[in-house]
Amino acid sequence: MKFFVDTADVEEIKGLLETGLLDGVTTNPSLIAKSGRNILDVLAEICELVPGPVSGEVTATDAATMIKEGEKLATIAPNLVVKLPLTFDGIKACYALTSKGIKTNVTLCFSANQALLAAKAGATYISPFVGRLDDIGTNGMDLISDICEIYAMYPDIETEVLVASIRSPLHLQEAAKMGADVATIPPKVIHQVFGHPLTDKGLDAFMKDWASTGQSIL
Ligand code: G3P
């Protein structure tokens, strides 16, 4: 399973790269706004830092302008993936950009049928949002299960399931059990995944016992 981080915070990305866990990055207009940076500058910096795919989202809502924006974003770097909303125009833009060899990530997916549309348009990734479904009282992980099941029945579908809007370590664990290809995880949740009270307790005990020996490895 690939781990992407869902952020446009360059310092956070640098720190995570040092763990060797990071396979890619996703951004969206809200995350770009939060970074306070120019979209082209920050995406270029992230693409340079991260060898894997980096999603940058278009901001137009009509297909013709989305295609122009996508073509411009794609010139940033070979690992730039153009993110498009799952609308009629977004799917048209996905098909057009895919036909030009540009990688795409279709976002704001909330149903298995929508995921089918993205796959048929040749999307590289489909981004179903689990947390936002949970927010309205619908089990977001059921959507991941449905998409994985449907995609698995059609071996010609190459679109990867990229689980988005992850809010907790449990979302990640369930996505992994379902065989999702990618999870894009907010930095806060990545750090939560490391933690376990028994790890902390065990390490404290080891350190106390070690101190009592008076030894040093170095
Ligand atoms: O990048 C898309 C997605 O991960 C957003 O998550 O928490 O704003 O629903 P969230």
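In this predicted model, the side chain of Arg 167 puts an N or O atom 2.9 Å from an oxygen atom of the ligand. Taken alone, the ligand would expose 310 Å², and the protein buries 83% of that. Two more side chains reach ligand oxygens: a polar atom of Asp 6 sits 2.6 Å from one oxygen atom, and a polar atom of Ser 165 comes to 2.7 Å from an oxygen atom as well. Asp 6, Ser 165 and Arg 167 belong to the set of residues around the ligand, which also takes in Asn 28, Lys 83, Phe 129, Arg 132 and Ala 164.

Now for helix α4, which runs over residues 63–74. Its 12 residues should span 16 Å at 1.5 Å a residue, and the end C-alpha atoms are indeed 16 Å apart, so the expected and modelled lengths agree.

Which residues of α4 are buried? Ala 63, Met 66, Ile 67, Gly 70 and Leu 73 are, with buried taken as under 20% relative accessible area. They cover an arc of only 130° around the axis, so they end up on the same side of α4. The spacing fits a general rule: an α-helix has 3.6 residues a turn, so residues three or four places apart point the same way. Flip to the other side of α4 and there are Lys 68 and Lys 72, both exposed.

As for what the buried residues of α4 pack against, the partners are two helices, α3 (39–49) and α5 (88–99), plus two strands, β3 (54–57) and β4 (80–85). Lys 83, one of the residues around the ligand, falls within the residue range of β4.

Methods. Residues are numbered from 1 along each chain as its sequence is written. This is a predicted model: local features need pLDDT of at least 70, side-chain atom pairs count only at pLDDT 80 or more; totals for chains, interfaces and linings use all residues. Side-chain values use heavy atoms; hydrogens and water are left out. Helices (H or I, at least four residues) and strands (E, at least two) are DSSP runs, numbered from the N terminus. The expected span of a helix is 1.5 Å times one less than its number of residues. Buried means under 20% relative accessible area, exposed over 50%, partly exposed in between (1.4 Å probe, protein chains only). The arc is that of the directions from the helix axis to the C-beta atoms. Contact means heavy atoms within 4.5 Å. A residue is near a molecule or strand if one of its heavy atoms lies within 4 Å of it. A polar contact is a pair of N or O atoms within 3.5 Å; within protein, one must be able to donate a hydrogen and the other to accept it, and residues adjacent in sequence count only if both atoms are side-chain atoms. Accessible areas come from the Shrake-Rupley method with a 1.4 Å probe; for residues, only the protein chains shown count as cover.
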